[in-house]
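Here are some short exercises on one protein model. Try each task before you read its solution.

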Amino acid sequence: MNGQIRAGGHVAEHERYTKLIGLLDERGARYRVIEHEAEGATEAVSALRGNTLAQAAKCIVVMVKLTKKTKAYVLAVVPGDRRVDLGGVKALLGGVYAGFATADVAERLAGSVSGTILPFSFDPELQLVVDPALLEQEELFFNAARLDRSLALRTADYVAIAEPRTAPIAE
């Protein structure tokens, strides 16, 4: 079925998963695929994978109003034991307001459903910003655009491939 699975009578696409694996293989990244029960909550999926919360890449799409009429979107990636500091993201972009993007906007920009958002941006509208505390880990864990599959990826490979902007955006 070429990167798709049947779920509940309709075809659920795993285009982002396939794209990510292709990118990681092409770039020679060191990673492991971890299959587990379908789970999107950071604490629960970390327990299934056997990683610490500090090693989990929690990915949240944040909407920042730059002016009354313009907005920007940030893919904020923080350690799983921390929360996104909306004020920090707002200040980083020089915005007047920051809040969580609506689920439909977040899923459109990320290309996957909430709970499976990758710590990579494949959309030019979505700026990738990672808290430096996460990059202190040797290996990162995250749902791989699927609720039933995660990746453990060497942090050095993640940084080389994703080329994230780093800033203190976790509280």
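**Exercise 1. Classify Phe-122 and Phe-120 as buried, partly exposed or exposed.**

Solution. Start with Phe-122. Its relative accessibility is 23%. Buried means under 20%, and exposed means over 50%. Phe-122 therefore counts as partly exposed. Now take Phe-120. Its relative accessibility is 6%, so Phe-120 counts as buried. Keep in mind that this is a predicted model.

**Exercise 2. Find out how the rings of Phe-120 and Phe-122 are arranged, and which cluster they belong to.**

Solution. Begin with the whole structure: a search finds three aromatic pairs. In one of them, the ring centres of Phe-120 and Phe-122 are 6.4 Å apart. Next, check the planes, which meet at 10°. Planes under 30 degrees apart count as stacked. The Phe-120 and Phe-122 pair is therefore stacked. Last, follow the ring pairs outward. They link Phe-120, Phe-122, Phe-142 and Tyr-158 into a cluster.

**Exercise 3. Describe the surroundings of Arg-16.**

Solution. First, place the residue. Arg-16 lies in helix α1, residues 15–26. Second, check its accessibility. The value is 12%, so Arg-16 counts as buried. Third, list its contacts, leaving out residues up to four places away in sequence. Arg-16 touches Leu-109, Ala-110, Gly-111, Leu-118, Phe-122 and Ala-145. Fourth, look at the side chain of Arg-16: it reaches the backbone oxygen of Ala-110 at 3.0 Å. Finally, compare sequence and space for another arginine. Arg-16 and Arg-83 are 67 residues apart in sequence, and their C-alpha atoms are 25 Å apart.

**Exercise 4. Work out the strand order of the open sheet, and say what packs on it.**

Solution. Three strands make up this open sheet, in the order β3-β9-β8, with antiparallel pairing. The edges are β3 (31–35) and β8 (139–146), each paired on one side only. From one strand to the next, the twist averages 25°. Helix α2 (residues 42–49) packs on this sheet and touches β3, β8 and β9. The direction of α2 makes about 110° with that of β8.

**Exercise 5. Trace the pairing of β8 with β9, and decide whether β8 is enclosed or open.**

Solution. The two strands form a hairpin, with two residues between them. Strand β9 covers residues 149–154, and it pairs with β8 in the antiparallel sense over six bridges. Now find partners. Leu-140 has Leu-153 in β9 as its bridge partner. Arg-146 stands opposite Arg-149 in β9. The charged end of Arg-146 also sits over the ring of Tyr-17, 5.2 Å from the ring centre. Then count buried residues in β8. Eight of the eight are buried, so β8 is largely enclosed by the rest of the structure.

**Exercise 6. Contrast the settings of Ala-145 and Glu-163, starting from their phi values.**

Solution. Recall the general rule: most residues other than glycine have a negative phi. Ala-145 has a positive phi, near 60°. Glu-163 also has a positive phi, near 50°. Now locate each residue. Ala-145 lies in strand β8, whereas Glu-163 is found in the loop between α5 (155–162) and β10 (165–166). Last, check accessibility. Ala-145 is buried, with a relative accessible area of 9%. Glu-163 stands at 63%, so it counts as exposed.

Notes:
Residues numbered from 1 in each chain as written. Predicted model: local features only at pLDDT ≥ 70, side-chain atom pairs only at ≥ 80, totals over all residues. Heavy atoms only, no water. Pairing = 2+ DSSP bridges. Helix = DSSP H or I, 4+ residues; strand = E, 2+ residues; numbered from the N terminus. Axes fitted to C-alpha atoms, helices over the stretch in contact; angles between N-to-C directions. Contact = heavy atoms within 4.5 Å. Phe/Tyr/Trp six-rings, centres within 6.5 Å; stacked < 30°, edge-to-face > 60°. Buried < 20%, exposed > 50% of the residue type's maximum accessible area, 1.4 Å probe, protein only. Lys NZ or Arg CZ within 6 Å of the ring centre and 35° of its normal. Polar contact = N/O pair within 3.5 Å; in protein donor to acceptor, adjacent residues only side chain to side chain.
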